[in-house]
Amino acid sequence: MSGGHSWVVLYSGFPCHVLDSNWLLCFVKIEIRDDYILPPEHLKHQFVGKMRFGTAEEDAYRRDLTINSLFYNINTSSVEDFTGRGIEDLKSGKIVTPLPPKDTFLDDPLRVLRAIRFGARFGFILDEELKLAAGCDDVRAAIVDKISRERIGHEIDLMISGNEPVKAMTYICDLLLFSVVFSLPPIVKPAISEECDRLCIGYIDAGWNLIQLIGSSTFNNWTGHRTRKITGSLVGPMIELLLSRWSNRG
């Protein structure tokens with residue numbers, strides 16, 4: 001960061017924060033364009049806020065999880081933990097939000113799935129208050145109303161292609177989010193039952209165990225095959241449900 005310039009980090013749907021030249025913000029891709037038009041379907045839930053100067057501490061508390069709120073100070077070559085528990089949670093293996101979890105999730109409901117994905121990926125424990133907030137009616141409704149299916153699908157893809165897909169899907173099921181995440185078209189009545197949820201988990205568990213047994217040497221495109229196999233195992237019971245209901249029409 002030469003020349004003493006500040007970095008402006010733009011959050012889709014949130015007020016802007018300006019971080020001074022002392023800070024290097026990692027894992028954020030910034031692209032400056034003057035010809036980009038936001039698709040109309042993405043404008044529905046955008047928040048039009050005013051730009052203001054913010055501090056690194058404020059930015060840390062707006063993060064999804066404490067383990068993702070750590071900063072690296074390039075002047076002192078040290079890690080800054082403004083929430084006071086990011087390093088501790090990283091060491092102890094806990095998934096916790098910097099602010100009250102319900103507030104954090106309502107601010108951006110996709111953070112629920114990110115919490116699940118990180119918890120499964122690293123084998124971390126989900127905070128009890130976080131789990132209660134993730135499964136509450138307000139947050140479930142916010143996932144449906146505010147998050148596009150594309151963003152949800154991207155998070156599910158990351159879970160399925162990760163190292164613990166069964167654990168991630170089990171978290172989704174345990175938090176009563178399965179019917180929200182894998183929602184069927186409105187024409188399908190009634191909605192997915194809890195028995196179907198558990199059946200899907202059983203299928204994906206069996207598929208995952210089979211993949212582990214076969215091993216990667218059997219297939220040329222191992223990653224692609226694994227993802228297709230797990231996805232097929234996951235949605236198999238739902239497809240059977242749709243077909244049975246369709247055949248029983250009229």
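A salt bridge is a side-chain nitrogen of Lys or Arg within 4 Å of a carboxyl oxygen of Asp or Glu. Keep that in mind as you open the structure, and start with a pair that fits it: select Asp138 and Lys102, whose side chains meet in a salt bridge with 2.9 Å from N to O. Asp138 lies in helix α6 (residues 137–146) and Lys102 in helix α3, so this pair ties together parts that are 36 residues apart in sequence.

Two notes before we go on. This is a predicted model, where local features need pLDDT of at least 70, side-chain atom pairs count only at pLDDT 80 or more, and totals for chains, interfaces and linings use all residues. Residues are numbered from 1 along each chain as its sequence is written, and side-chain values use heavy atoms, with hydrogens and water left out.

**Stop 1: the whole chain**

Show the protein chain as a cartoon. Its secondary structure comes to eleven helices and seven strands; here helices (H or I, at least four residues) and strands (E, at least two) are DSSP runs, numbered from the N terminus. Of the 250 residues of the chain, 37% count as buried. Buried means under 20% relative accessible area, exposed means over 50%, and partly exposed is in between (1.4 Å probe, protein chains only).

Now switch on the surface. The protein chain exposes about 14,900 Å², and carbon and sulfur atoms supply 56% of it. These accessible areas come from the Shrake-Rupley method with a 1.4 Å probe; for residues, only the protein chains shown count as cover. Contacts (heavy atoms within 4.5 Å) are worth a thought too: among those in the chain between residues at least 6 apart in sequence, 67% join residues at least 24 apart.

**Stop 2: more salt bridges**

Go back to Asp138 and Lys102 for a moment. Asp138 counts as partly exposed at 42% relative accessibility, and Lys102 is partly exposed with a relative accessible area of 33%.

Next, select Asp108 and Arg151. Their side chains meet in a salt bridge (3.5 Å, N to O). Which parts of the chain does the pair link? Asp108 is in the loop between α3 and α4 (111–122), while Arg151 is in helix α7 (residues 149–160), 43 residues apart. Asp108 is buried, with a relative accessible area of 14%, whereas Arg151 counts as partly exposed at 36%.

Then pick Arg62 and Asp107. They form a salt bridge whose closest N and O atoms are 3.8 Å apart. Arg62 lies in the loop between α1 (56–61) and β4 (71–73) and Asp107 in helix α3 (residues 101–107), so this pair ties together parts that are 45 residues apart in sequence. Add Arg111 to your selection: Arg62, Asp107 and Arg111 are linked in a network of salt bridges. The count of salt bridges comes to nine.

**Stop 3: aromatic rings**

Rings of Phe, Tyr and Trp (its six-membered ring) pair if their centres lie within 6.5 Å; planes under 30 degrees apart count as stacked, over 60 as edge-to-face and the rest as tilted. By this rule there are four aromatic pairs. One of them joins Phe122 and Phe124, a tilted pair at 5.6 Å centre to centre with 35° between the planes. Are these two residues buried or partly exposed? Phe122 is partly exposed, with a relative accessible area of 41%, whereas Phe124 is buried, at 13%.

Now move to Phe178 and Phe182. Their ring centres are 4.7 Å apart and their planes are at 40°, so the pair is tilted. Both Phe178 and Phe182 are buried.

Return to Phe122 and Phe124 and add Phe118: ring pairs link Phe118, Phe122 and Phe124 into a cluster. Select Arg117 as well, which lies over the face of Phe118 at 5.0 Å from the ring centre. A charge sits over a ring if NZ of Lys or CZ of Arg is within 6 Å of the ring centre and within 35 degrees of the ring normal.

**Stop 4: a covered helix**

Select residues 165–174, which make up helix α8. How many of its ten residues are buried? Seven are, so the helix is mostly covered. The buried residues in α8 are Pro165, Val166, Ala168, Met169, Tyr171, Ile172 and Cys173. After α8 comes Leu176, whose phi is positive, near 60°.
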